[in-house]
Amino acid sequence: MADDPVHLVAVIGAGPAGLFAARALAAAGARVVLLNRDIKPGGLAEYGIFLNKYKMKSGLRRQFHRILTDPRVTYLGHVTISNKGDLKVRDLAALGFDALVYAIGAQGTKYLGVEGERLPGVYHAKDLVYHYNRLPPFSERPFPMGRRVAIVGVGNVMVDIANYCAHFADCDEIIAIARRGPFEKAYDDREFEDVEDAFDHALYREEIERIRPRLQAAGQNADELLTALAAKPEGSPRARARLRFRFLASPKRVVAENGRVVALEVEETRLERKGERISAVGTGEITRIPCDTVVFAVGDRVDERFGLPYREGLYVTAPAPERDPSAAYQVWDPETGQPLAGTFVVGWARRASDGVVGRAKLDAETGIKHVVAWLETRPKRTSAEAERVLAAVTDALEKAGATAVTYEDVQRIEAEERSRAALARVEELKFKSNDEMLALLRR
Ligand SMILES: Cc1cc2nc3c(=O)[nH]c(=O)nc-3n(C[C@H](O)[C@H](O)[C@H](O)COP(=O)(O)OP(=O)(O)OC[C@H]3O[C@@H](n4cnc5c(N)ncnc54)[C@H](O)[C@@H]3O)c2cc1C
């Protein structure tokens, strides 16, 4: 019933984790305010999943739509919570919510400490992915791609970047660089099918022969790789670019001449078995891989300047999760040695770059079980009180000069994008900037 007492919870971030957290909270009877940095909800499901995975994205959008039209959920987009955003973390905490659930993803950049990592022509995958998926402001910045692109990392994000280079940019050569060997690759074979047409079998065989002695020294059988390769179809002419691998190579320096990237310097590695784990050990031998663009696809970390206690790439959660599983979701203040009462993290904000949407969903749903247990220890409030807190949020945002958008606004934007896409006879079309979207809403 609309007037029944409720708990009021703010979920910060409307990616998959935040949205599924909102759904679980609403199902448990809470009123939820979703505060999201981007105008549109969806996070990396909207701005990360590869360009032409239309079916997957539209399926997720339909699920998100059901959550966002639940009367117990209020969406406020284009609102940044952070120490440098519209509302600081401590200001939000002072507004009177019964719990705060941070689902802001992993917005920080993982720098490897490679010299030249910040040169023009060197990108971190998330920024490039945001750019080609048209997330403002990344969509508005140029990300020129050269002809020879070195991608550091061999996970699914590398496959997406290779796909972009092979089919959506004007690249001739894509070199995927791994510190370890082919047996330690992290991408899924099904994902790799999207770039199979660019995959150069002859160059792969050559590479396997080059590293054969080092594989053998680690007890790995190169022939297994060649047999698996023989079972795969050779690349077709669809892709102009060719994709090759460079294994056992640890990036050391991006080399630039006259301000342009000309190579990536790597140290050759060998494999060392430590128990179950195979690690790469530098041999001291340095080689240069000619390239004009470098993309680091090595995962992300959370934003350390956000305003939550931070340590080594993660927000700090309570100790001893093995004794109390809720500890893994409960934000902890190491300065006071106490939990931040009622403050939780879920999804990639809890474990940066950890898995696919299904995993973020599961993490959110598990986290919300602990949030609900916390809420049960607190009195509910009348709906009039809940409305007062909601009004205080709107007030604080207005005072900060934020232009929050509602889910009705998002639907107007999406309807306009759909009709423009139909006119242009393309599958999907997105506004490039926040200004364009906000201008439409003012019409
Ligand atoms: C390149 C790439 C491709 C992927 N492809 C697939 C795929 O094909 N299939 C699949 O299942 N999974 C895929 N994933 C994984 C999937 O996208 C993630 O598992 C999932 O999006 C993580 O959800 P999240 O909600 O934790 O974080 P995110 O999706 O990152 O969402 C974070 C949300 O928080 C908001 N936010 C950030 N900072 C703030 C702030 N300061 N204040 C307020 N709001 C904030 C953002 O606007 C965003 O909406 C891919 C990931 C990447 C990087």
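Start at glycine 355. One of its backbone N or O atoms lies 2.9 Å from an oxygen atom of the ligand. The model is a predicted one. Two further backbone contacts can be found in it. At tryptophan 348, a backbone N or O atom sits 2.8 Å from an oxygen atom of the ligand. At isoleucine 81, the partner is a nitrogen atom of the ligand, and the distance to a backbone N or O atom is 2.7 Å.

How much of the ligand does the protein bury? On its own, the ligand exposes 1000 Å². The protein buries 93% of that. Now look at what surrounds the ligand. Four elements each give two or more residues to the shell: α1 (16-27), β2 (31-36), α6 (156-167) and α10 (357-375). There are 33 residues around the ligand. Asn36, Asp38, Leu44, Ile81 and Trp348 come nearest. By type, the shell holds 19 nonpolar, 10 polar and 4 charged residues.

Next, turn to the second largest pocket. Its space comes to about 540 Å³. The lining has 22 residues. Nearest the pocket's centre lie Ser58, Arg61, Glu414, Arg418 and Glu428. Which elements supply at least two residues each to this lining? They are α2 (44-47), α3 (54-68) and α12 (407-424). The largest share comes from α3, with 7 residues.

Finally, check the residue types in this second largest pocket. Its lining divides into 8 nonpolar, 4 polar and 10 charged residues. Set that beside the shell around the ligand, with its 19 nonpolar, 10 polar and 4 charged residues.

Terms used:
Residues numbered from 1 in each chain as written. Predicted model: local features only at pLDDT ≥ 70, side-chain atom pairs only at ≥ 80, totals over all residues. Heavy atoms only, no water. 1 Å grid on protein atoms, 1.4 Å probe; cavity = no way out; pocket = protein on both sides within 12 Å on 5 of 7 lines; lining within 4 Å. Points joined across faces, edges and corners; volume = space filled by probe spheres on them. Nonpolar A, V, L, I, M, F, W, Y, C, P; charged D, E, K, R; others polar. Near = heavy atom within 4 Å. Polar contact = N/O pair within 3.5 Å; in protein donor to acceptor, adjacent residues only side chain to side chain. Areas by Shrake-Rupley, 256 points an atom, 1.4 Å probe, with all protein chains shown as cover.
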